[in-house]
Amino acid sequence: MECMFGPVLWYWPSTCGFTEDLCQIGAGVSLPGILAAKCGAEVILSDSSELPHCLEVCRQSCLMNDLPQVHIVGLTWGHVSRDLLALPPQDIILASDVFFEPEDFEDILTTVYFLMQKNPKVQLWSTYQVRSADWSVEALLYKWDMKCVHIPLESFDANKEDIAESALPGRHTVEMLVISFAKDSL
Ligand SMILES: C[S@@+](CC[C@H](N)C(=O)[O-])C[C@H]1O[C@@H](n2cnc3c(N)ncnc32)[C@H](O)[C@@H]1O
């Protein structure tokens, strides 16, 4: 990553010592998952099983970053597939910019719900670009017995228009949420 972006100015905010089992959903280019793997987490990258070119992008990211140990699986949101059922319990699910289509919101939470059955303490960390102030996951969280905490970007120094000299997020509004099982204490 240093080759692509210059000196690494960001670190992975580990919850239990850089050894988490972590699955990124809708991974695409996979930057957060790659960073977590570089910091020592056991990472599984996933993207839709119906979009092989996206899974290939995950593979390329691992190749370019010398991470042959990272597993890549096809996980389509809302599909209870053999690959989803075979996943080991996860500590963290990363979901970077996956809440962009309201029709997908419940499918995403269905997949998360299955992972919560394996580990009720799993947390979903999601950053997303606010595309419409009318969209909300609140009712769905209630339906699926989940709760969510808003993480202020300033709490990890990310409330800037130009993070790590990337010119991102620019003028876009970005939010971060941590979603967990309602009966677990965050
Ligand atoms: C906006 S991109 C975000 C990519 C990456 N996480 C990031 O932050 O750059 C959305 C990603 O979700 C994936 N995706 C879209 N529909 C999906 C589905 N039904 N199941 C699983 N992944 C899906 C896309 O292939 C794409 O990689």
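I take two residues to be in contact if their C-beta atoms, placed from the backbone, lie within 7 Å. By that rule I looked up V112 and found that it touches I93, L124 and I179, not counting residues up to four places away in sequence.

Before going on, I noted that this is a predicted model, in which local features need pLDDT of at least 70, side-chain atom pairs count only at pLDDT 80 or more, and totals for chains, interfaces and linings use all residues. Residues are numbered from 1 along each chain as its sequence is written.

**Core.** I next looked up the largest nonpolar core (a set of buried Ala, Val, Leu, Ile, Met, Phe, Trp, Tyr and Cys residues joined through C-beta atoms within 7 Å), and it has 35 residues, with L22, I25, V43, L45, I93, A95 and V112 having the most contacts inside it. At least two residues of this core come from each of β1 (21-24), α2 (31-38), β2 (42-47), α3 (52-64), β4 (92-96), α5 (102-118) and β7 (174-181); helices (H or I, at least four residues) and strands (E, at least two) are DSSP runs, numbered from the N terminus. I call a residue buried if 20 or more other C-beta atoms lie within 10 Å of its own, exposed if 12 or fewer, and partly exposed in between, with C-beta atoms placed from the backbone.

**Helix α5.** I then asked which residues of α5 are buried. They are I108, L109, T111, V112 and M116, and seen down the axis of α5 they fall within an arc of 160° (taken from the directions from the helix axis to the C-beta atoms), so they line one face of the helix. On the other side of α5 I found E103 and Q117 exposed. Among the elements that cover the buried residues of α5 are β4, β5 (123-129) and β7.

**Helix α3.** In α3 I found L55, C58, S61 and C62 buried, and they lie on the same side of α3 because they cover an arc of only 110° around the axis. These buried residues pack against α2, β2 and β3 (71-74), whereas P52, H53, E56, Q60 and L63 are exposed on the other side of α3. I also noted that D66, which follows α3, has a positive phi, near 55°.

**Ligand.** Last, I looked up the ligand, which 15 residues surround (C-beta atom, placed from the backbone, within 6 Å of it), the closest being G26, G28, S48, S96 and D97.
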